[in-house]
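Hi,

Here is the structure I said I would pass on to you. Have a look at it first, and then read my notes below.

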Amino acid sequence: MDEARSFSPDDDSPIFVISVAATLAGMHAQTLRQYDRLGLVSPSRTRGGGRRYSGRDVAMLREVQRLSQEEGVSLAGIQRILELENQVAALRGRVLELTDELERSRLSSQARSASRVFAVGPTGDVIAVRAGQRPRMQRSQALVVWRPSHH
């Protein structure tokens, strides 16, 4: 039993048959079947339909048992708690995705704005130029007449 307990609780490999999972969780196999029917802990299935529990499933069974026995939570209450925990985990994942996407967008925007330089063109319009480049000035053919003012 100590060897089986060395599996990490986040291990998703479906390796334990129902009798071993029940022993690891400290409950009867019939209780595991009931939890499966209620959707509290749903193990993987073999092609023949046999249940296979992972380390994560066993940890979840222990948590369901703790909530039920130590906290006095009903199975319906436990089901709602598990649903909410799943929603919170999904939302946290989404927040991380959006945070990463926002950071990538900011970096991309900074890169784009850093590569764009503006200057005043020959006609007075604002034009985009490469960094380090000056706008091409056209030689004007205009004639400017200057007359000093007489004060």
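Gly39 comes just after helix α3 and takes a positive phi of about 80°. Bear in mind that this is a predicted model, so that angle, like everything else below, is computed.

The helix just before that glycine is a good place to start. In α3, the buried residues are Leu32, Tyr35 and Asp36. They span an arc of only 100° around the axis, so they sit on the same side of α3.

Asp36 turns up again when you look at charged pairs. Its side chain meets that of Arg51 in a salt bridge, at 2.8 Å from N to O. Arg51 belongs to strand β2 (residues 51-52) while Asp36 belongs to helix α3 (residues 29-38), so this pair ties together parts that are 15 residues apart in sequence. Are the two partners buried or exposed? Arg51 has a relative accessible area of 19%, which makes it buried, since the cut-off for buried is under 20%. Asp36 is buried too, at 13% relative accessibility. The pair also has company: Asp36, Arg45 and Arg51 are linked in a network of salt bridges.

How many salt bridges are there in total? The count comes to seven. Two others that I looked at sit within single helices:

- Arg66 and Glu63 meet through their side chains at 2.9 Å, N to O. These two are three residues apart in helix α4 (residues 55-69), so about one helical turn separates them. Arg66 is partly exposed, with a relative accessible area of 28%, and Glu63 is partly exposed as well, at 26%.
- Glu83 and Arg80 form a salt bridge at 3.2 Å, N to O. Both are in helix α5 (residues 75-114), three residues apart, or about one turn of the helix. Glu83 counts as partly exposed with a relative accessible area of 37%, and Arg80 does so at 43%.

Now for the overall layout, which may help you find your way around. The chain has five helices and four strands, and along the sequence they follow the pattern α-α-α-β-β-α-α-β-β. Of the 151 residues of the chain, 21% count as buried. As for contacts with a separation of 6 or more, 44% of them in this chain are between residues 24 or more positions apart.

One residue that shows such a long-range link is Ala25, in helix α2 (residues 18-25). Ala25 is buried, at 5% relative accessibility. What does Ala25 contact, once its neighbours within four places in sequence are left aside? The answer is Val58, Leu61, Arg62 and Gln65. Glu63, one of the salt-bridge partners in α4, is 38 residues from Ala25 in sequence, yet the two C-alpha atoms are 9.2 Å apart in space.

Next, the largest pocket. Its volume is about 360 Å³, and 16 residues line it. Which of them lie nearest its centre? Those are Leu40, Arg56, Met60, Leu82 and Asn86. The elements that give two or more residues to the lining are α4 and α5, and α5 gives the most, with six residues. By type, the lining divides into seven nonpolar, four polar and five charged residues. If you want to find the pocket on screen, the five residues around its centre make handy labels: Leu40, Arg56, Met60, Leu82 and Asn86.

Last, a look further along the chain. Arg136 lies in the segment after β4 (126-129). Is Arg136 buried or exposed? At 72% relative accessibility, Arg136 counts as exposed, since the cut-off for exposed is over 50%. The C-alpha atom of Arg136 is 7.2 Å from that of Pro122, although the two residues are 14 apart along the chain.

If you only have a few minutes, I would look at two spots. One is the network of Asp36, Arg45 and Arg51, with the buried side of α3 in view, where you will find Leu32 and Tyr35 alongside Asp36. The other is the largest pocket, with α4 and α5 in its lining.

Over to you, and have fun with it!

Note on methods:
Residues numbered from 1 in each chain as written. Predicted model: local features only at pLDDT ≥ 70, side-chain atom pairs only at ≥ 80, totals over all residues. Heavy atoms only, no water. Salt bridge = Lys/Arg side-chain N within 4 Å of Asp/Glu carboxyl O. Buried < 20%, exposed > 50% of the residue type's maximum accessible area, 1.4 Å probe, protein only. 1 Å grid on protein atoms, 1.4 Å probe; cavity = no way out; pocket = protein on both sides within 12 Å on 5 of 7 lines; lining within 4 Å. Points joined across faces, edges and corners; volume = space filled by probe spheres on them. Nonpolar A, V, L, I, M, F, W, Y, C, P; charged D, E, K, R; others polar. Arc of directions from axis to C-beta. Contact = heavy atoms within 4.5 Å.
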